[in-house]
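Trainee: Could you take one part of this model and go through it closely? I would like to see what surrounds it, and then how the other packing and linkage details compare in kind.

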Amino acid sequence: MNRVVTLTLDGDLDSGIRVTLTWGTTDKSAEGKIMSRLAPNPEIYQLYTDWQQGYRNLEYFYRNPRLTPKGLYISSVKSCEQLVDELRNNINQWLNSRSDGFDQVRDQLTTELSRHRDTRVLIQTDNPQLQRLPWHLWDVWENNHDSVEFSLIPLEYQPHPETKLRNRVRLLAILGNSEGIDIETDRNYWQQVSSLDSSSCFLVEPTREELDQKLWENDGWDILFFAGHSSSECNDETGRIYINQEDSILINELIPALKQAIKNGLKLAIFNSCDGLGLANALAKLQMPQAIIMKEPVPDEVAQTFLRFFLEEFSQGKSLQKAVKVAQKRLHYLENRLDIKLPYATWLPVIYQHPKAQPWRWPVSGSLVKLLIKLALGTVAIVSIYGIYKLGTEPNKLGDQISSGEEILDTTSARRFKQRGVKFVAECQTPLRDNLSIFSQKTWQRLQRCWWTKSNYKKAGDLFLKSWQEEDKNPETLIYLNNALLEATKSDYYTIAVAVPIVRNKDGSVKNPELAQKILRGIAHAQTEVNLDLFQDNDKLPNNFIEKLPGKDVLNGKSIKGKGLKVIIADDANIPSEAIQRAKAIVKERDILGVVGHYASDMTMETVDIYNSNKLVLISSGSTTEELTEHPRKFFFRTVPTAKISAQYLVDYLVDIGYQKAAVFYNPRSPFTHSFWQEFKQQFTNQGGELVDIEHYDISKPNFNPKQAIEEIGKTQDTAIVLNPDGQVTNAVTNAIDMIKENNGRNVMVGSSGIARSKTLALKQPDLFENLVVSVSWHHLNSANPQVNQDAQTLWGKSFNSLTAWSALAYDATRGLITAIEKQNNPTRIGMQKTLRSPDFIAEGVTGKIEFEPSNGNRKNPSQILVHVVPCPNQESGLAFVPLEYSSCDQKH
């Protein structure tokens, strides 16, 4: 039973719109009707026009009626995306309004979509502005967008003639002016359809007379196809097609011939060309049953790819709406691929149909149907379709720096047992097509080990546990152990990802894994808390194995509604281009419900819009720049305080101890340090302070000279030095530590959290730190939840002292995602965002309660504290960062 919802819009954006919603089945009259109004909203179309202008200025390789290059392209994808965000917000404010009873329309529409998975939505209007609006941006579709099929239908129409049915499809294809584009590919795709009637015709750059004659043929045509250049004219009332190198014609000039073609059985017109809304409106006046057009200028590759995928579906008997929907979805990769992106490809194809047109499908012969049935039954009898699908099409790629256990990212922990465990997981992640024939013994053995018995994952779990016990307690190992045991026990689970910075040398070898390990330690701790509840009493694990599980009898395990948590690790290497690649790969993994990361503000700024446009929650535990929330993204959150808060603590400290001058050293190209500098400058000067203008302030330069910098400040002690290195994107941290050494405790020094690391303490000279104070987000001695740190000390073993702020904030980000999953009956990406943005959301973290500002995703009441360096004999360096009120590593003043 096919469900159909019709949203009738009578009016315009300037004066308001009368709205009628009807719903029911395609073969019966409407089951119900609601009437309402929408307020005027001229701003919404101005936003669309602005986006349209930006979009049309992105490229010159569109199928464009202007047959010469434009010359100047000043638009950017980023500016278009900003306009889309404004457009989306405006559309949702307008359509989610409760005025004039429109909320009843929304509520009924939501009810209908929730009850029926496959629903056709008909937007009925004759207003070109309303026809062009991106209705798919309305959040009412968000949980059902993959199954909703959109079509435009006219407000006014006449009866249309009965259509002739044939056993084979007759095609009239017009291949028009091809200057600057490749339409021969379109022809090739049509010719690959074996069920086309032999009398089908391809007109290459026809004259007006040749086209007219073909349309008048008595035998008639089933499909009229046009490829070439086209445009809408007369306020989208009609359209022009360019049929050869010299001639173009308006659709209106073909009215008699087109009317006859429709009378003779024409069922579908496809204009695989630019700006086709005017073409569709002109055809609607002729009572054309169905048409497919491209609403805006279309790049050559998008037009060709759409046609290919559409024909694959439609020629096999799928409905027109289903075929278009599938082809439209398959354009998505063009929008997000790593090389040449073709943005908004999925926006372009539109169905325009007669309201009373009978659904028409490509005729499929009885013998083919029987063959398909036999093939389907045979396949089911051989093997589980889903198992083959999972192994053959969805496995993670090896070598892509993303891993759930199939490769070691932190190669400083590539011990023997761990390497062996990874090999067993990797075998189950290698694409099935890389093996021999599906009927080979090798492939069947692999299916058995990876899918049915899960023996590979059991062996991997054994080896990861050995590595944890006998080699090192590396957090990556613990995450891989968790993941392997979820598979080995055939447990249900939810999936999240984490993006960490494993800093590498130019040859690819790991230079510094310390920061990534600290972040992963918090993630692994939270994951183990969830999964222990599933593993401790699992009859699929031997008792002697369960007794050795990390965290057993220490962590209070609690599953997520009886399910576990899988964590996928992605290494962004602290390099923007790498971070972008990781983000694009992560968003394509539909099982991932949320991401912890990225750490450095530089990486998050580069990737946040990728996550946002793909509706995937990103919670950063390290990115503090104010830029991230100057233009809020719906799907961005953070557990770390912003740069403004960190700067405020240091300014207040300097003012309190009587300092009126300060010199700031930072990386002006880093979003984090530049944001901190702006906030520090504003707050310090507002409190009467003065910033000393120095020449050598850029602490990130390769040739930065710490001694020269200290000398420039002068030997006076009345100028405080502010150190603000970036998040290990450059050598700024090393240069900052060298400045501490050169200062030799003389001038007061304050710094942001990047200073509070073991590398600083490795100087091992207490006198150097006498006047150093650092602002950090958390310290275990002032923890709001000290039990977590106590558990961590037991979990990670004797060599571990305490959680760091990096670990704690990552733990909190993970707890935020876990709690958001728990609060949903059926967790989805959209549901994650809505749950986290809710004013009522609260989760328990190690740094305090986790709550987010609904307006921008910043954390409410974040933790922040000032620390200094004190002697601590039990530390490797003999020193430790502790809160200011402590005189030693465990003793308050």
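Mentor: Start with the buried residues of helix H30, which are Arg829, Ile830, Gly831, Met832, Gln833, Thr835, Leu836 and Arg837. The model is a predicted one, and what follows is computed from it. The helix covers residues 829–837, and 8 of its 9 residues are buried, so the rest of the structure largely encloses it. The cut-off behind that count is a relative accessible area under 20%. Note that the buried set includes Arg829 and Arg837, which count as charged, beside Ile830, Met832 and Leu836, which count as nonpolar.

What do the buried residues of H30 pack against? Their partners are two helices, H20 and H29 (805–822), and three strands, E20 (592–596), E21 (617–620) and E22 (636–638).

Of these partners, H20 can be followed further. Helix H20 takes in residues 576–588, and its axis comes within 9 Å of the axis of helix H21, residues 601–613, with a crossing of roughly 25 degrees. H20 is therefore roughly parallel to H21, as the angle is under 35 degrees. The handedness of the H20 and H21 crossing is right-handed. On the H20 side the contact is made by Pro576, Ala579, Ile580, Ala583, Lys584, Ile586 and Val587, and on the H21 side by Met603, Glu606, Thr607, Ile610 and Tyr611. By class, the residues in this contact are 9 nonpolar, 1 polar and 2 charged. An α-helix has 3.6 residues a turn, so residues three or four places apart point the same way. Pro576, Ala579, Ile580, Ala583, Lys584 and Val587 in the H20 list can be read with that spacing in mind. H20 thus appears in two settings, as a partner of the buried residues of H30 and as a partner of H21.

Strand E20, another partner of H30, spans 592–596. Val595 falls in that range, and a long-range distance is available for it: Val595 and Asn235 lie 360 residues apart in sequence and 45 Å apart in space, C-alpha to C-alpha. Asn235 sits in the loop between strand E9 (229–233) and strand E10 (238–242). With a relative accessibility of 68%, Asn235 counts as exposed, whereas Thr719 in strand E25 (residues 719–724) counts as buried at 5%. Beyond the neighbours within four places in sequence, Thr719 has contacts with Tyr659, Lys661, Ala662, Ala663, Val692, Ile713, Asn747 and Val748.

A second helix pair gives a point of reference for H20 and H21. Helix H9 (residues 300–314) and helix H10 (residues 320–330) pack with their axes 8 Å apart and an angle of about 140 degrees. H9 and H10 are therefore oblique to each other; roughly antiparallel would need an angle over 145 degrees. The crossing of H9 and H10 is right-handed. In this contact Phe306, Phe309, Phe310, Glu312, Glu313 and Phe314 from H9 meet Leu320, Ala323, Val324, Val326, Ala327, Gln328 and Arg330 from H10. These contact residues divide into 9 nonpolar, 1 polar and 3 charged.

Turning to covalent links, the structure holds 2 disulfides. In one of them Cys428 and Cys450 have their sulfur atoms 2.0 Å apart, and the torsion of -85 degrees about the S-S bond makes the link left-handed. Cys428 is in helix H14 (residues 416–429) and Cys450 in helix H15 (residues 441–452), so this pair, 22 residues apart, links distant parts of the chain. Cys428 is buried at 4% relative accessibility, and Cys450 is buried at 3%.

The other disulfide joins Cys872 to Cys889, with an S to S distance of 2.4 Å; the limit for counting a pair is 2.5 Å. Its 85 degrees about the S-S bond make this link right-handed. Cys872 lies in the loop between strand E30 (865–871) and strand E31 (879–883), while Cys889 lies in the segment after E31, 17 residues away. Cys872 is buried at 2%.

Counting bonded cysteines along the chain, the pattern is 1-2, 3-4. Cys80 takes part in no disulfide, and the nearest cysteine sulfur, that of Cys274, is 15 Å away. Cys80 counts as buried at 0% relative accessibility, and Cys201 counts as buried at 13%.

Conventions:
Residues numbered from 1 in each chain as written. Predicted model: local features only at pLDDT ≥ 70, side-chain atom pairs only at ≥ 80, totals over all residues. Heavy atoms only, no water. Helix = DSSP H or I, 4+ residues; strand = E, 2+ residues; numbered from the N terminus. Buried < 20%, exposed > 50% of the residue type's maximum accessible area, 1.4 Å probe, protein only. Axes fitted to C-alpha atoms, helices over the stretch in contact; angles between N-to-C directions. Parallel < 35°, antiparallel > 145°, perpendicular 65-115°, else oblique. Left-handed = near helix turned anticlockwise from the far one by under 90°. Contact = heavy atoms within 4.5 Å.
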